[in-house]
Amino acid sequence: MKTAITPTREQDYPEWYQQVIKASDLAERSPVRGCMVIKPWGYALWENITRWLDDRFKAIGVRNAYFPIFIPLSFLESEAKHVEGFAKECAVVTHHRLEKGKGGGLEPAGKLTEPLVVRPTSETIIMDSFKKWISSYRDLPLLINQWANVVRWEMRTRMFLRTSEFLWHEGHTAHATAEDAMDLTMKILDIYEDLAENVLAMPVLKGVKSEAERFPGADDTFAIEAMMQDRKALQAGTSHFLGQNFAKASDIKFQTADELEAYVWTTSWAVSTRLIGGLIMTHGDDDGLVLPPKVAMSQIVLLPISRKPEDYEKIMAYTDGLAEELRKVHYHHRPLSVEIDRRDTGGARGWEWIKKGIPLRVEIGPRDMAADSVFVGRRDKGHKDRVSMKRAEFVDNIGNLLDDIHSNLLNRARDYQKEHTHRMDDKEDFYRFFTPENKEKPEIHGGFVESHWCGNPECETKIKDDLNVTIRCMSVNGETEDGSCICCDAASTRRVVFAKSY
RNA sequence: CGGGGCGUGGCGCAGCCUGGUAGCGCACCUGCUUUGGGAGCAGGGAGUCGCAGGUUCAAAUCCUGCCGCCCCGACCA
């Protein structure tokens, strides 16, 4: 069968990913290494994510602020542990002027006395503000978020998943007690899970990271992990309980109600445009992108079929009327967004929208108009699997129809994750499971494996060195089970989730 | 940053071995035909063949250097 995307996922997954981004018009490469231009169809996904999250953050009292993109070099010279993690990938501004050079080109001039670092993350500069803003327990909790771009000079980039510059939000909070900070950390993790499942239809595992995978400077890192269709794990969001580490590094103290001096407890949390990469790899198929309705720029495209000149006006009027009616419908608190594609390019027109992943395609021809009906194709079903329904029925049930697409996508992804999640207690099985047959160009293999781990970082490292498999997360429910470590056979009290990851 | 592959109109590719001023499919524009479907015919626009040197009467093709992309690693909130 002919597919709209070549190669297929099975043939070459990484190449398929690139081709989907191209074919769906989400983004394109920029002239700058590792950077990308996010096009309207792609940026709308981010806008919908940001709008949803922003509402949820505000609902729990978080306020937005904005901190500078430039961070004084001295801020990163503090002894904070996390700085080491970023030092190698910082872009640094050293000059503030361009002058005509000898060759006729422009050359940097006007050397800065103190170089500025382009933020890879904003902890240091935000903590600097927190120090000024906090003096009493009455100032707490302080709940701040910023929507921003950050730059990390990555060795190897991939569109959406790891780009040199990316868009994200970073939440930073300060609390009077460890309990308050931990509560907030978990509250955010729940919001991320809700976002993933209810907006992106992306099932996730929620858990805590092992020490090796923890954010440098955090006491605990919590994450949501999703399974892509190549069965690799994608860390889709993180929420960190930072203890008093940053408070001590930045000297953020407050006076308690009983007049004692204490360090604040802080958290930080983020999701980024990486989520869009996750979205592509969770739902995309060999015909292109597949978008869940709540995150799509538009839910519906109307495709009038009116090639006989005498039909043209009537069909267009019918189409416009339907669009107007649909746009009055609210879907999860927002008016439906409806596209009309009037081009007369035959079936190719429909395929373009399939590749772009729009949830519903509605064809409107003379016969539909005569019967007061519409011909509807769902992106989550085969492209030939289209049904005729009465126009009024379609409009009245549009919300249910879109919700059904959402839950179908979510269930499908859940089933896939379940199908490729296994419990393993035998080391050989474990190694075989994670070893591809073709090492040069690995086929799709592996998945999530729940195995016992003794807690020794050396076992974790050994497995990483041998198989490039890491512990993605550990349950936060405190479930225990006696067993023996998949690596060293020592006694273990719990299973953790192993997988290859992005 | 190491190993491998690749850079030719918007997209996918052939041509390169055996140098002789660039071709195919899709997309785009025009006309006719078709009309519930990734349409057919005819015509057309669009490429300094990644960049820079070199060899040569002549370079997409041969040589050298560089850049970029993809994969496997290393690295990585």
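1. Rings of Phe, Tyr and Trp, the last taken by its six-membered ring, are counted as a pair if their centres lie within 6.5 Å. On that basis, a search of the whole structure, which is a predicted model, returns 14 aromatic pairs.

2. One of these pairs joins Trp 46 and Trp 147, whose rings meet edge-to-face with 6.0 Å from centre to centre and 75° between the planes. Trp 46 belongs to helix H2 (residues 40-59) and Trp 147 to strand E7 (residues 142-151), so the contact ties together parts that are 101 residues apart in sequence. The two partners should be described separately as regards solvent: Trp 46, at 4% relative accessibility, counts as buried, whereas Trp 147, at 23%, counts as partly exposed.

3. The pair of Phe 215 and Phe 246 has ring centres 6.5 Å apart and planes at 5°, and is therefore stacked. Phe 215 sits in the loop between strand E9 (205-208) and strand E10 (220-227), while Phe 246 is in helix H6 (residues 245-250), so that this pair, too, links distant parts of the chain, here 31 residues apart. Both Phe 215 and Phe 246 are buried.

4. Elsewhere, an aromatic cluster is made up of Phe 430, Tyr 431, Phe 433, Phe 434 and Phe 498. Set against the domain bounds, in which domain 3 is assigned residues 422-499, the members of this cluster, from Phe 430 to Phe 498, can be looked for in that part of chain A.

5. Two lysines have their charged ends placed over aromatic rings. The charged end of Lys 232 sits over the ring of Tyr 502, at 4.7 Å from the ring centre, and that of Lys 356 sits over the ring of Trp 41, at 4.6 Å from its centre.

6. As for the overall division, chain A is split into domain 1 (13-283), domain 2 (300-416) and domain 3 (422-499). The C-alpha centres of domain 1 and domain 2 lie 38 Å apart, and the contact between these two domains draws on 18 residues from domain 1 and twelve residues from domain 2.

7. Between them, domain 1 and domain 2 bury about 1200 Å², of which 61% is on carbon and sulfur atoms. How many salt bridges are there between domain 1 and domain 2? The count is one salt bridge. In the model, the side chains of Glu 197 and Arg 414 meet in a salt bridge, with 3.0 Å from N to O.

Methods
Residues numbered from 1 in each chain as written. Chains lettered and ligands numbered in written order. Predicted model: local features only at pLDDT ≥ 70, side-chain atom pairs only at ≥ 80, totals over all residues. Heavy atoms only, no water. Phe/Tyr/Trp six-rings, centres within 6.5 Å; stacked < 30°, edge-to-face > 60°. Helix = DSSP H or I, 4+ residues; strand = E, 2+ residues; numbered from the N terminus. Buried < 20%, exposed > 50% of the residue type's maximum accessible area, 1.4 Å probe, protein only. Lys NZ or Arg CZ within 6 Å of the ring centre and 35° of its normal. Domains from an automatic or database assignment. Contact = heavy atoms within 4.5 Å. Buried area = accessible area lost by both parts, 1.4 Å probe. Salt bridge = Lys/Arg side-chain N within 4 Å of Asp/Glu carboxyl O.
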